[in-house]
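The following exchange examines how the spaces, ligand contacts and backbone features of a model are assigned. Each answer sets a value against the definition in use.

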Amino acid sequence: MRTTFLPFSKPSISEAEIEAVAEVLRSGWITTGPKAAEFEEAFKAYCNAEGAVALCSGTAGMHLLLAAMGIGPGDEVITPSMTWVSTVNLITLAGATPVFADIERETLLVSAETVEPLITERTRLIIPVHFAGAAVDMDPLRQLSSAKNIPLVEDAAHAVGTQYRGERIGRRGTAIFSFHPIKNMTCGEGGMFCSDDPGLIEHIRRLKFHGLAKDAYDRNTQGRSPQAEVQEPGFKYNLTDMAAVLALGQLRRLDEFNRKRALLAHRYRELLANIDEIMPLAVPSYPMRHAWHLFVVRLDTKRVGMDRETFMAELKKRNIGTGIHFKAVHRQKYYHETLQLPEGALPNTEWNSDRIFSLPLFPDMTLNDVDEVVAAIKEVIA
Ligand SMILES: *Cc1c(COP(=O)(O)O)cnc(C)c1O
C-alpha cells in the first residue's frame with residue numbers, strides 16, 4: 001500500500017514560476033498591467049485565436065458573456081446538466097431559464113442530436129461543455145447554430161490545449177477557459193475569453209473593467225489611464241499581473257503537461273481494460289486531440305456490491321484521492337427543488353451522475369502512481 005497520500009489533482013509549479021511571481025511583486029505594479037497583456041498575446045498565439053481577454057475566472061467570462069448578450073427573464077439557454085454549476089448559476093442569476101441537454105452515455109458530451117429537440121423560440125444561446133478534455137463534436141452543432149441563428153459559446157474550462165479536427169479550441173467561435181488549480185494550467189484563479197468576433201471582444205474587454213474604454217494600466221504613463229470614460233456599467237473581473245505571470249509560465253509548459261497527462265491516461269486505459277467493475281469513458285472517434293483534464297470512470301456498483309461513496313472511501317483508506325466530476329446540476333438541492341425535473345428526464349446524465357468518479361491525474365504523477373491506483377482498485381474489488 002502507498003505510504004503517502006496521492007491527491008486526485010495537484011498543480012505543477014516550478015521554481016522559475018515562483019521567482020517570476022516574486023519579481024512582479026517587487027516591480028511596483030501587481031494588478032492588471034504588462035504581464036496580463038503579454039499573457040493575452042501568448043494565449044491568443046497558442047490557440048491561434050482572433051481575440052483574447054484575460055479574466056479573474058472562467059465564471060467571470062461566462063457572466064460577462066451573458067451580460068454582453070443581454071440574456072435575462074424569458075430567455076432559455078441550453079447547456080448540459082453534467083457540468084460544473086457555475087454556468088447554470090449565472091443563467092439563473094440573470095433571470096433566464098437553463099434547459100438541460102442530455103449527454104452521450106459513454107463520453108459525457110452533448111451533441112447536436114441532444115440539443116436540437118430542446119430549441120424553442122425563446123432559446124438565446126447554446127453552451128456545450130468540452131468534458132474532461134475531450135472535444136464536443138462541433139461541426140454538427142455549428143451547423144445547427146447557424147441554421148437556427150442561435151449563438152454557440154463553448155465552455156472550454158476542461159479544454160486548454162484540446163484540438164478538434166486539427167484546430168485548437170479557441171481558434172474559432174467563442175470559448176471560455178479556466179485556470180483554476182485543478183485545470184490543465186493554473187494561476188490560482190483565472191480565465192480567458194477567446195472569440196473570433198471583434199465586436200464581442202471589445203465589449204467583453206470593456207465590461208470586465210467597470211465599462212471603461214481602456215484598461216487601468218496605461219503603457220505610456222505606466223500607471224492608471226486618466227482619460228478612461230465609462231461607456232456603460234461594467235464589472236471588475238480583470239486578471240492581476242501576479243497571476244498572469246504565473247499563467248505565462250504555465251502556458252509555456254502546457255503541451256508538456258498535456259503530453260504527460262496523455263501518457264498517464266493511456267496507462268490507466270491499458271490497466272483498467274480488463275477490470276469489468278470499472279468503466280472508463282470512451283474517446284470520441286472523430287479527429288480530436290484529448291487534453292486529459294480528468295480521468296473519469298464509472299463504477300459498476302452491482303458487480304462490486306458496494307456503493308460509490310464506500311468505494312471512494314476504501315480507496316482513500318489506501319491513500320488514493322478521488323473526486324466526483326460532477327453530480328448532475330439538476331440533482332443539486334436548489335435546482336432539484338426549483339426545476340423539479342422528473343426522475344429519468346435526462347437518462348444518460350443521471351446514469352453517470354450515480355456512478356462516476358475521477359482517478360488521480362496530474363502532470364507530476366508517475367506511471368508507478370498509476371500502477372498503485374489500479375492495484376488499490378483491484379484490492380478494494382477483491
Ligand atoms: C472549472 C469550471 C468552470 C469555471 O471556471 P472557474 O475558473 O473556476 O470560474 C466552468 N465550467 C466547467 C465545466 C468547469 O469545470
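The questions and answers below treat pockets, ligand, cavities and backbone in turn.

Q: What makes a feature of this model eligible for discussion, and how are residues numbered?
A: The model is predicted, so local features need pLDDT of at least 70 and side-chain atom pairs count only at pLDDT 80 or more, while totals for chains, interfaces and linings use all residues. Residues are numbered from 1 along each chain as its sequence is written, and side-chain values use heavy atoms, with hydrogens and water left out.

Q: What is the volume of the largest pocket, and why is it called a pocket?
A: On a 1 Å grid over the protein atoms alone, a pocket is an open set of points with protein on both sides within 12 Å along at least five of seven lines, whereas a cavity is a set where a 1.4 Å probe fits but cannot get out. The largest pocket holds about 390 Å³ of space; a volume is the space filled by probe spheres set on the points, which are joined across faces, edges and corners.

Q: Which residues line the largest pocket?
A: A lining residue has an atom within 4 Å of a point. By that rule 22 residues line the largest pocket, and W84, S86, A157, S178 and K183 lie nearest its centre. The elements giving two or more residues are α3 (58-68), α4 (86-93) and β8 (174-178), and α3 has the largest share, with three residues. Helices (H or I, at least four residues) and strands (E, at least two) are DSSP runs, numbered from the N terminus.

Q: Why is the largest pocket said to lie between domains?
A: Domain 1 (15-251) and domain 2 (254-381) both give residues to its lining, so the largest pocket lies between them. The domain bounds come from an automatic or database domain assignment.

Q: Which residues are closest to the ligand?
A: A residue is near a molecule if one of its heavy atoms lies within 4 Å of it. The ligand is surrounded by 15 residues, the closest being T59, D155, H158, S178 and K183.

Q: What makes the approach of T59 to the ligand a polar contact?
A: A polar contact is a pair of N or O atoms within 3.5 Å. A polar side-chain atom of T59 lies 2.4 Å from a ligand oxygen, and the pair therefore meets the cut-off. For D155, a polar side-chain atom is 2.7 Å from a ligand nitrogen; for S178, an N or O atom of the side chain is 2.6 Å from a ligand oxygen.

Q: How many cavities of 30 Å³ or more are there, and what lines the largest cavity?
A: The structure holds four such cavities. The largest cavity has a volume of about 110 Å³ and 16 lining residues, with A132, L281, A282, H290 and W292 nearest its centre. Domain 1 (15-251) and domain 2 (254-381) both contribute to this lining, so the largest cavity lies between them.

Q: What is the volume of the second largest cavity?
A: The second largest cavity has a volume of about 70 Å³. Its lining comprises 15 residues, and P11, S12, K183, N184 and R261 are closest to its centre.

Q: Which peptide bond is cis, and where is F326?
A: The peptide bond from H325 to F326 is cis, with omega near 5 degrees. F326 is placed in the loop between α10 (308-317) and α11 (333-339).

Notes. Polar contact = N/O pair within 3.5 Å; in protein donor to acceptor, adjacent residues only side chain to side chain.
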